[in-house]
Amino acid sequence: MHTLQISIYVLVFLIALALVFDFMNGFHDAANAIATVVSTGVLKPQQAVAMAALFNFIAIAVFQLHVAATVGKGTIDPNVVDHYVVFGALVGAICWNILTWYYGIPSSSSHALIGGLVGAAVAKAGTGSLISAGLIKTIAFIVLSPLLGFVFGSIMMVLVSWIFVRSTPRKVDKWFRRLQLVSASMYSLGHGGNDAQKTIGIIWMLLIATGFSQASDALPPWWVIISCYSAISLGTLFGGWRIVKTMGQKITKLKPVGGFCAETGGAITLFLATMLGVPVSTTHTITGAIVGVGAARRVSAVRWGVAGNIVWAWVLTIPASAFMAAIAWWIGKHIL
């Protein structure tokens with residue numbers, strides 16, 4: 001494989017840009033982990049983001065780097081990777097994240113990054129630069145992750161309803177206020193485990209292209225892992241408040257029992273995907289779980305119009321971020 005020759009300043013700039021994206025990923029997706037626990041009144045926002053940030057970082061010791069390997073080696077042909085492609089991918093993803101954050105739309109940072117990689121690679125070398133196996137797996141989970149979240153969330157809601165059928169609402173509320181702390185922690189763990197690895201994959205891809213790492217290496221350098229987990233945790237700590245309201249109240253009204261079921265269903269989905277090495281959207285997953293909890297109570301409990309608008313954002317994320325990345329790739333060719 002040809003080693004890319006770039007200045008150390010450009011390399012440092014691109015790594016810093018990747019960490020900015022990672023920070024924004026945590027900032028943008030903080031709502032996924034904390035919206036339910038805040039909206040049900042179990043924790044105050046500041047307490048919730050601190051807890052989520054802590055478990056985002058703890059994930060470093062729990063999950064293997066299968067997702068990082070998929071992003072770093074299994075999405076686009078390593079031979080087309082250069083500083084322009086990485087720049088285009090990151091700028092495209094960041095621009096889409098800022099746009100959707102501003103309008104309070106819970107889109108996927110993960111798929112914005114995948115779309116960015118696709119757009120920049122195609123702009124440079126055409127569709128032959130894409131690795132179909134990795135992309136098909138990722139695109140399939142655009143449908144599967146919210147579907148699994150929906151299924152697990154609704155199953156949890158039905159099971160809990162059966163188990164506590166003879167309990168008083170006050171007693172159920174008291175129990176699930178405590179249990180929701182556990183479920184929110186597990187969801188944050190899954191979020192950190194899956195999402196931080198995507199940026200690890202991007203930096204690893206860049207280091208392989210520049211000869212600072214080898215494609216045969218089993219793991220990226222330790223400083224890459226620490227930096228990425230730290231960046232996403234800090235982003236979560238600052239929180240994306242515009243999206244919390246959409247996730248926590250606009251889709252369906254949640255009580256602690258519903259919040260517990262949604263977070264648990266979402267966490268199961270994230271754990272499964274991370275073990276399989278699939279870079280899924282935590283946004284899609286928790287949205288599917290929340291809809292599943294609402295639908296398990298009654299179909300009319302879900303505001304399907306809001307859910308439909310969110311789905312449109314999912315559909316547009318990869319092509320929109322790919323388009324922005326292609327433009328950013330062209331700009332990068334002239335300024336880097």
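Colleague: Is the crossing of helix 2 and helix 7 left-handed or right-handed?

Modeller: This is a predicted model, where local features need pLDDT of at least 70, side-chain atom pairs count only at pLDDT 80 or more, and totals for chains, interfaces and linings use all residues. Residues are numbered from 1 along each chain as its sequence is written, and side-chain values use heavy atoms, leaving out hydrogens and water. With a near helix turned clockwise from the far one by less than a right angle called right-handed, and anticlockwise left-handed, the crossing of helix 2 and helix 7 is right-handed.

Colleague: Lovely! Which word describes how helix 2 lies to helix 7?

Modeller: Helix 2 covers residues 45-58 and helix 7 residues 169-209, helices being DSSP runs (H or I) of at least four residues, numbered from the N terminus. They pack at an angle of about 50°, with their axes 7 Å apart. Angles under 35 degrees count as roughly parallel, over 145 as roughly antiparallel, 65 to 115 as roughly perpendicular and the rest as oblique. That makes helix 2, relative to helix 7, oblique.

Colleague: How many charged residues does the contact of helix 2 with helix 7 have?

Modeller: Helix 2 contributes M51, A52, F55, N56 and I58, while helix 7 brings L181, A184, S185, M186, S188, L189, H191 and G192, contact meaning heavy atoms within 4.5 Å. Asp, Glu, Lys and Arg count as charged, Ala, Val, Leu, Ile, Met, Phe, Trp, Tyr, Cys and Pro as nonpolar, and the others, Gly among them, as polar. By class, the contact has 8 nonpolar residues, 5 polar ones and, of charged residues, none.

Colleague: On to salt bridges: how far apart in sequence are the parts that K124 and D82 tie together?

Modeller: The structure holds 3 salt bridges, each a side-chain nitrogen of Lys or Arg within 4 Å of a carboxyl oxygen of Asp or Glu. K124 pairs with D82, and their closest N and O atoms are 3.0 Å apart. Since K124 lies in helix 5 (residues 109-125) and D82 in the loop between helix 3 (66-73) and helix 4 (83-102), the pair joins parts whose separation in sequence is 42 residues.

Colleague: And is D82 buried or exposed?

Modeller: Buried means under 20% relative accessible area, exposed over 50%, and partly exposed in between (1.4 Å probe, protein chains only). K124 is partly exposed at 36%. D82 has a relative accessibility of 8%, so D82 counts as buried.

Colleague: How far apart are the closest N and O atoms of K198 and D195?

Modeller: Both residues lie in helix 7, 3 residues apart, about one turn of the helix. K198 is buried at 1% relative accessible area, and D195 is buried at 0%. The closest N and O atoms of their salt bridge are separated by 2.5 Å.

Note on methods: Axes fitted to C-alpha atoms, helices over the stretch in contact; angles between N-to-C directions. Helix = DSSP H or I, 4+ residues; strand = E, 2+ residues; numbered from the N terminus.
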